[in-house]
Structure formats: structure tokens, C-alpha cells
Number of protein chains: 2
Amino acid sequence: MTRALTGTTAHVAENPLIPVLAVVGVGLIGGSAALALRRAGQVGRVLGVGRNAQSLERARDLGIIDAAATLQQAAEQADVILLATPVGGLGGLLAQMRPHLRHDAVLTDAGSTKAEVVAAARAALGERVGQFVPGHPVAGAERSGPEAADAALYQRRTVILTPLPQNAPAAVEHVRALWQACGAHVIDMDAGAHDRVLASVSHMPHLLAAAYMGQVAAAEDAAGRLALAGSGFRDFTRIAAGSPEMWRDIFLSNRDALRVELAAVRAVLDEFEQAMARGDGPALEALLARAAQARRDWRKE
Amino acid sequence: MTRALTGTTAHVAENPLIPVLAVVGVGLIGGSAALALRRAGQVGRVLGVGRNAQSLERARDLGIIDAAATLQQAAEQADVILLATPVGGLGGLLAQMRPHLRHDAVLTDAGSTKAEVVAAARAALGERVGQFVPGHPVAGAERSGPEAADAALYQRRTVILTPLPQNAPAAVEHVRALWQACGAHVIDMDAGAHDRVLASVSHMPHLLAAAYMGQVAAAEDAAGRLALAGSGFRDFTRIAAGSPEMWRDIFLSNRDALRVELAAVRAVLDEFEQAMARGDGPALEALLARAAQARRDWRKE
């Protein structure tokens with residue numbers, strides 16, 4: 001047992017919720033879940049699966065996982081498998097694990113989109129898709145990698161499950177208990193509704209922040225601009241630092257819903273543009289006041 | 001002397017930088033400057049001018065000003081006059097003060113745009129425009145009003161001066177010293193360059209955040225969306241809560257530069273839209289990676 005592991009494992013319950021947990025993708029999302037379950041004493045042994053051996057070693061040194069494992073080992077040994085990788089690769093990972101999966105294992109994911117993930121899981125797992133409970137912890141940060149993992153990441157955050165008709169109620173409750181043990185509030189939604197809402201409140205801000213940040217960076221006088229950027233810029237662009245690979249997959253996976261939202265935002269940009277072209281102060285103030293009121297009414301700071 | 005005033009006035013230097021300061025518009029920006037100068041001991045008496053008598057009374061109770069004054073009284077008595085109102089009304093205020101201005105008084109402003117402010121000041125002050133040193137403290141917050149005033153607001157922030165050929169060097173240095181006493185770093189720029197850079201790094205984020213926030217608020221299922229909005233949304237939309245009146249004036253005043261930036265951002269949104277339509281992962285990843293790299297390279301947290 002490493003020093004770091006000792007430090008983070010205060011205790012393990014006599015009958016932990018998850019005797020053996022496998023985390024596929026030990027970065028911010030998966031690593032934080034492992035740390036939170038350890039802190040709650042609700043996990044026995046944690047296996048880590050990933051493409052990058054160094055990163056897994058680092059996760060072990062940090063006390064996030066007990067050991068690195070292959071997909072096959074994880075499938076054979078784990079009671080619960082949490083897939084915390086970019087959504088585009090999920091189907092392939094499930095297909096590789098399927099022949100080795102324990103019949104009582106419960107699989108879940110942390111993907112930011114759900115309809116395409118469900119389709120990929122059906123294709124990969126076939127009649128065993130009932131073992132897969134789709135999930136999405138609505139938490140994240142611009143940081144990534146095992147170093148960014150934080151046992152408190154899910155405290156008071158929302159986790160959305162989009163259960164399948166094939167899921168046994170016990171499997172859904174097991175995944176619910178996992179996230180509750182991490183400190184999260186768990187709700188259930190339809191996968192399509194999830195994707196439409198998240199396109200609006202999560203994916204769209206990322207798209208706008210990234211488009212804007214890219215435009216500033218591409219300007220001839222980018223350095224001069226960035227030198228004068230202040231705290232508004234800082235907060236507005238923070239999300240643009242997020243993993244390009246992860247967000248590429250999200251944008252591809254949820255592109256239908258995201259394009260609908262983008263068209264609607266562009267229609268409002270048209271209103272601003274036209275009001276500025278007309279020099280129309282009252283129209284600008286009305287647009288700004290609607291936004292300011294809505295933001296002030298949203299009390300979640 | 002009120003209790004609150006006693007609390008904020010630790011001392012006054014024997015020869016304070018500004019024996020009598022008048023602040024026109026005692027909100028976040030003007031109020032914070034007054035508090036910072038008081039804390040530095042660099043101001044004797046502070047007069048507050050404003051349309052709202054209650055707000056001025058509150059400012060006096062908070063120890064921000066010593067007394068309310070009319071524009072005429074401020075013009076007659078003040079060594080330095082700081083105009084901290086929405087930029088659209090600046091010309092009118094200067095014109096009203098002009099007949100009463102002391103010839104040794106120095107005027108400055110805190111407006112977020114400069115070219116139009118300079119034009120308005122020239123029209124209003126005529127041959128006395130040399131008394132007006134245009135300035136812009138690059139600091140702000142979504143809060144407003146005297147209650148939001150904070151003596152530390154300008155600590156380590158940048159203040160941009162856009163001096164006029166008519167300004168006496170001593171007048172410019174006086175305004176520079178004022179902001180330095182507030183803890184700010186002061187730089188000089190050309191007014192047009194200021195407006196183009198600020199259109200990009202300040203006004204454009206506000207426009208995007210407001211357009212987005214308004215679009216979400218106008219959606220039929222706005223409540224359901226907002227219930228699932230997380231920390232990314234929180235940071236991205238924070239600026240959208242800013243004063244609609246102030247931002248209306250900024251957008252009108254700087255609309256030429258802002259419309260140029262908006263067109264450039266929309267061109268990047270087109271690239272995202274087309275990449276999603278094509279299902280083009282590499283193009284999306286390249287756009288996202290450019291933004292992520294630029295944001296990570298901008299170290300200002």
C-alpha cells in the first residue's frame with residue numbers, strides 16, 4: 001500500500017457498495033469518482049484501465065487506483081465498471097469487454113451525451129445491454145488527467161441517469177447509490193431530453209467560448225488584446241480550456257441538438273447586430289435587460 | 001462624521017493628492033475609486049453627484065462620499081472630477097458643468113469606450129477640453145450601486161488613459177497618480193486602438209453571454225434547462241448580469257468596432273457549424289485545440 005493510498009483511504013466499510021470497481025479512463029471524471037468512493041469507504045479494490053501506462057502509474061501513486069488492469073481483467077473482475085472516456089470510443093470499449101463480463105457486473109458511463117451512447121451500447125452489448133446503466137455526472141472542469149482528480153468534485157452536483165427498459169431496477173439503484181456515495185444528487189431523465197437540455201446549458205456555452213477564444217487567438221494583435229483582457233474575459237473563456245478530444249466527441253455525438261441551439265443563438269445575435277446597425281438603444285437595452293434579469297434570477301452561485 | 005466614514009478613513013495625508021474629489025455616478029466604479037483613495041489617505045473631501053437621492057444618501061452612510069452635491073457645486077468646488085456614469089450621458093454632464101468649472105480642475109472619466117467619449121468631450125468643453133483626461137479602469141463586476149463599491153476593486157487592475165494633445169502633461173500625471181493610488185497599473189493608448197481592443201476582449205464576451213443567456217431564458221423549457229446548468233454555465237454567463245443601461249451605451253458607442261468583431265466570431269461559428277454538419281471530427285478537434293491552447297497559455301488566474 002503506497003503512502004498516498006494510505007492517505008486517501010480512511011476506512012473501507014465492512015460490506016462496501018462496490019467490492020471491486022474498475023475505472024476505464026482515470027482522468028478528472030473517473031479519478032474523482034474513485035477518490036470519492038474511497039473516501040466514503042464504499043469501494044474495496046479499484047482497478048484502472050487506460051491507454052497511457054504513465055498516467056495509470058501516476059493514478060496509482062496518487063492513491064486513485066490500486067492497480068492497472070487490461071479491459072479483459074477489468075471485465076472479469078469488477079462488480080462495477082465506470083467508463084469515463086470520451087464518448088466516441090465507448091462502443092469499442094464495451095465490445096471488447098463483452099465476452100469477458102461477469103453476468104452480475106453493472107456497467108455505467110460518465111458521458112456528456114446519452115442518445116448516441118445508448119445506441120453504441122446496444123450495438124456493442126446486444127442482449128446484455130441491460131447490464132449498462134447510462135449516466136452523466138454534470139460536473140467538470142477545465143483541468144484533466146489524474147492529477148486533477150478530486151474526491152469533492154461531485155459534492156452537491158447533479159448526476160443524470162437515463163435508464164434503459166432492459167435495466168433491472170437493482171442495477172439502476174446500484175448506480176444511483178454509487179453517485180450518492182460520491183455526494184451527488186441523482187435524477188432520471190429520458191436520453192433524448194437529456195441531450196437537448198445539455199446541448200443548451202453545457203455544450204452551447206463551450207461552443208461559444210471556444211469559437212470566441214479561437215477568434216481572439218487568431219487575431220494579428222492577439223498578444224496585445226490578451227494583455228488587456230480582464231476578469232470578465234477570464235470567467236467567460238474558462239471552459240474553452242477543456243479537453244479538445246472530449247469536446248470533439250460531444251459535439252459530434254450531439255450535433256443535431258447542438259445545431260438547433262446554435263441556430264437559435266445566432267438568431268439573437270442577429271437581433272443585436274441589427275439593433276447596433278440601426279443605433280437602436282431601446283432594442284439593445286431590452287435584449288440586455290432580458291439576459292441580465294434571467295442571470296440574476298438564476299441563483300446558484 | 002458618520003460611523004461608516006470613520007471606519008473607512010484611516011487617515012488623510014497632510015497634502016492629499018486630491019483635496020476635493022467629485023464623483024459623478026456613485027456606483028461600483030466611482031464608489032470604489034472614492035473608497036480606494038480614502039483608504040490611501042489621498043483624498044480630503046468627497047462630493048457625490050447623482051440622479052438618485054436615496055442612492056447618494058446610501059453612499060454617504062457607507063462612507064463613500066462626505067456629501068451630496070449638484071453638478072454645479074461639484075464643478076465649482078472640486079480639484080478632480082471623476083465621471084463614472086454610462087458613457088451615453090457624458091457629453092451632457094460635461095456641458096452642464098462647463099460654465100462652473102474651476103480653471104485648474106482636472107476631469108476624467110471611467111467610460112468603457114473612448115473615441116465617442118472624446119468626441120463628446122470636445123463638443124461639450126470646447127477650448128477647455130484639455131482639462132479632460134479620458135480614462136478607462138479595466139475592472140468591473142456584475143454588481144452595481146454604491147453597496148457594491150469596494151476599496152480593493154482596482155488593486156493590480158489595469159487603467160488605460162487615452163490622453164488628448166490638448167492635455168497638459170501635469171493633468172495626465174495627476175490622473176495617473178489617482179489610479180496608482182487606487183492600486184492600479186496605468187498605461188496610455190490611442191483612443192481608437194483602445195476601442196478596437198476592448199471591443200474584442202470585453203464587449204464581445206458580454207454580447208455573446210447576453211445573447212446566449214437571453215436565448216436560454218426565452219426557451220419554452222427554460223426552467224428545466226436552468227435547473228441542470230452547472231459551473232461552466234455559471235462562469236460563462238456571469239457577465240450577462242451586468243447593468244443593461246451601461247452595456248447599451250457601450251454597444252452603441254463602440255458599435256463599429258464591435259460589429260467587426262462579431263462578424264469575425266460568426267465566421268468561426270460557421271466553421272464549427274459546417275464541421276458538425278459534415279461530421280468532421282478532425283476539423284472540430286483542430287478548432288477546439290486552438291481555443292484550448294490559447295486559453296491555457298493565457299495565465300492570469
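This is a short talk on two interfaces in one structure: the one between the domains of chain A, and the one between chain B and chain A.

Okay, before anything else, keep in mind that this is a predicted model.

Let's start inside chain A. Chain A splits into domain 1, residues 18-189, and domain 2, residues 194-297. If you take the centres over C-alpha atoms, domain 1 of chain A and domain 2 of chain A sit 31 Å apart.

So how many residues of each domain are in contact? You get 15 from domain 1 of chain A and 15 from domain 2 of chain A. Between them, the two domains of chain A bury about 1,300 Å², and 63% of that is on carbon and sulfur atoms.

Now the polar side of that contact. Between domain 1 and domain 2 of chain A, the count is one salt bridge. If you want to find a salt bridge on screen, go to A:Glu245 and A:Arg51, whose side chains meet at 3.7 Å, N to O. There are also seven residue pairs in polar contact across the interface of domain 1 and domain 2 of chain A, with both residues at pLDDT 80 or more. As for what domain 1 of chain A brings to the side touching domain 2 of chain A, that's five nonpolar, six polar and four charged residues.

Right, on to the two chains. Here the contact takes 85 residues from chain B and 85 residues from chain A. The buried area between chain B and chain A comes to about 7,600 Å², with carbon and sulfur atoms giving 66% of it.

What about salt bridges across the interface of chain B and chain A? The rule finds ten of them. A nice pair to click on is B:Glu285 with A:Arg248, a salt bridge where the closest N and O atoms are 2.6 Å apart. Add to that 29 residue pairs in polar contact between chain B and chain A, again with both residues at pLDDT 80 or more.

And which parts of chain B do the touching? The elements of chain B that each supply at least two residues to the side touching chain A include strand E8 (158-161), helix H8 (191-218), helix H12 (255-278) and helix H13 (281-297). The largest share comes from H8(B), with 18 residues. Sorted by class, the side of chain B that touches chain A has 47 nonpolar, 15 polar and 23 charged residues.

That's my tour, happy to pull any of these up on the screen.

How values were computed:
Residues numbered from 1 in each chain as written. Chains lettered and ligands numbered in written order. Predicted model: local features only at pLDDT ≥ 70, side-chain atom pairs only at ≥ 80, totals over all residues. Heavy atoms only, no water. Domains from an automatic or database assignment. Contact = heavy atoms within 4.5 Å. Buried area = accessible area lost by both parts, 1.4 Å probe. Salt bridge = Lys/Arg side-chain N within 4 Å of Asp/Glu carboxyl O. Polar contact = N/O pair within 3.5 Å; in protein donor to acceptor, adjacent residues only side chain to side chain. Nonpolar A, V, L, I, M, F, W, Y, C, P; charged D, E, K, R; others polar. Helix = DSSP H or I, 4+ residues; strand = E, 2+ residues; numbered from the N terminus.
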